[in-house]
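Biologist: I would like a close look at a single part of this model, taken slowly and with its surroundings. Please choose one strand and describe how it sits among its neighbours.

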Amino acid sequence: IYQFRNADPRVMERFIASTPIGRHHALTTNRRSAAAIVAVLNQAGRVWFPNEPELSPLDDERSGACMVLGARGIPKDEGGKSPAVGAVREFAAQEIASVLASQRSRWEQGTCALLVPTRTGLDVLERELRSAGLPVLNLASAPHESAEVQEARVLLKAIADPADGVALIGAMRGPAFAVADSELDRAITTSGESHLAQLSNAPSTREAMAVLADLRELSLRLPVGPLVEQTFEITGLWDLAEESPTWSNRLHWVVTQAHEYDRRSGGSLGRFLIHLEALATADRSLSEQIVAPIGEPVIQIMTMHNAKGLEFDTVVVAGLVKGGSTWRAPFARWSHDEHEDTWRLRINTGQDDAEELVGQIEQQKRLLYVAMSRARTNLVIGLHHGVGASAPPDDPCTLLREALDGLSPDTGLVEVLAPADA
């Protein structure tokens with residue numbers, strides 16, 4: 001099931017072959033999910049993995065619920081045409097936010113995660129959730145591309161290189177010092193003095209420049225990790241970030257990277273900043289550390305890949321839209337040859353062919369199944385995309401809609417809502 005993460009299936013085959021048949025036992029009891037969610041998993045399993053045994057819930061009486069949104073798609077426009085992908089994303093995000101807001105009492109006492117296949121459209125989802133007054137912790141965005149990390153990097157650069165006028169002004173304008181643009185305009189004149197001298201002498205920036213000077217002195221004595229922690233403490237960034245779990249999480253990410261830099265090689269603050277920039281350039285798929293929130297309930301947004309091995313009381317599966325290469329299979333993928341009963345490591349060169357399409361479809365089925373199986377008590381599935389004959393065969397929403405088509409709402413386990421009902 002974890003082939004979407006390039007797990008080697010031969011390991012399991014060797015294990016099975018080396019174990020006496022009398023010691024084989026199928027683990028068919030689902031100890032995580034309520035009966036309603038197990039019913040959904042079994043329905044998808046019958047369609048996607050017909051040779052696998054069905055699951056049984058550990059406790060048939062344990063309460064749980066599954067809600068399917070947008071099962072019939074979203075309303076067409078006045079001309080009878082299907083809306084563009086952007087409009088569908090916005091409609092889906094609004095509907096999901098509305099459901100989570102109205103059903104808040106059902107998820108806020110436990111953990112809640114919103115799982116997406118890719119980062120595409122995350123800004124729309126996060127915006128609508130926040131507009132509905134819901135607490136959000138975005139763990140799916142690339143941290144080095146976030147505004148919070150960029151602001152921290154500018155602050156650290158102003159400490160590392162006092163001759164960098166752009167970094168100095170950026171640090172003054174940033175949340176650590178929050179000097180108004182009008183004050184900066186008065187501080188920086190057209191005289192021949194450097195920005196460093198002008199900012200050091202101006203009343204509105206003198207104190208901030210003194211703090212930077214003290215931190216620059218510390219940078220000559222401390223390793224990068226403790227220095228970054230001291231910087232966030234002295235400038236008050238830690239206190240400001242307490243109001244935002246996402247902001248706090250991203251500052252922790254910078255600190256973690258700094259300590260890891262010290263452990264691996266060490267060096268100056270300037271070289272650490274070069275390391276951070278190289279990290280951002282080399283690994284665009286980097287995702288944030290998952291730090292469990294403490295205290296107030298929060299909706300954790302993360303990719304389905306990052307949710308592997310985790311579980312949550314409530315899971316929302318969303319963002320199921322096929323867009324260009326965003327759902328392309330990994331560059332290396334195991335493929336089973338049915339005729340020779342052997343496994344091959346197939347390299348995806350980006351060329352579309354029939355075998356590659358089949359492989360992509362199978363990868364998506366496994367990923368979607370893993371995402372749904374993270375839920376303990378409540379499962380919400382957004383099927384707003386991929387309606388109509390124009391949907392490609394590997395469209396994730398189409399695959400999931402077809403798999404759940406045989407699940408009858410009459411059982412009382414699954415609630416299927418059209419957009420107008422949500």
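Modeller: In this predicted model, strand β4 (residues 112-116) and strand β7 (residues 312-317) pair in the parallel sense over four bridges, and within that pairing L115 stands opposite V317 of β7. Strand β4 also pairs with strand β6 (residues 299-303), again in the parallel sense, over five bridges, and there the residue of β6 that serves as bridge partner to C112 is I299. The side chains of β4 divide between two directions, with C112, L114 and V116 pointing one way and A113 and L115 the other, and all of these residues are buried. Because five of the five residues of β4 fall under the 20% limit of relative accessible area that counts as buried, the strand is largely enclosed by the rest of the structure.

For the wider setting, the aromatic rings can be added to this picture. The count of aromatic pairs comes to four. In one of them, the ring centres of F232 and W238 lie 5.5 Å apart with the planes at 85 degrees, so this pair is edge-to-face; F232 and W238 are both buried. Y261 and F272 form a tilted pair, with 5.4 Å from centre to centre and 55 degrees between the planes. This second pair links distant parts of the chain, since Y261 belongs to helix α13 (residues 245-264) and F272, eleven residues apart from it, to helix α14 (residues 269-282). Y261 and F272 are likewise buried. Elsewhere, ring pairs join W48, F49 and Y369 into a cluster.

How values were computed
Residues are numbered from 1 along each chain as its sequence is written. This is a predicted model: local features need pLDDT of at least 70, side-chain atom pairs count only at pLDDT 80 or more; totals for chains, interfaces and linings use all residues. Side-chain values use heavy atoms; hydrogens and water are left out. Rings of Phe, Tyr and Trp (its six-membered ring) pair if their centres lie within 6.5 Å; planes under 30 degrees apart count as stacked, over 60 as edge-to-face and the rest as tilted. Buried means under 20% relative accessible area, exposed over 50%, partly exposed in between (1.4 Å probe, protein chains only). Two strands pair if DSSP finds at least two bridges between them.
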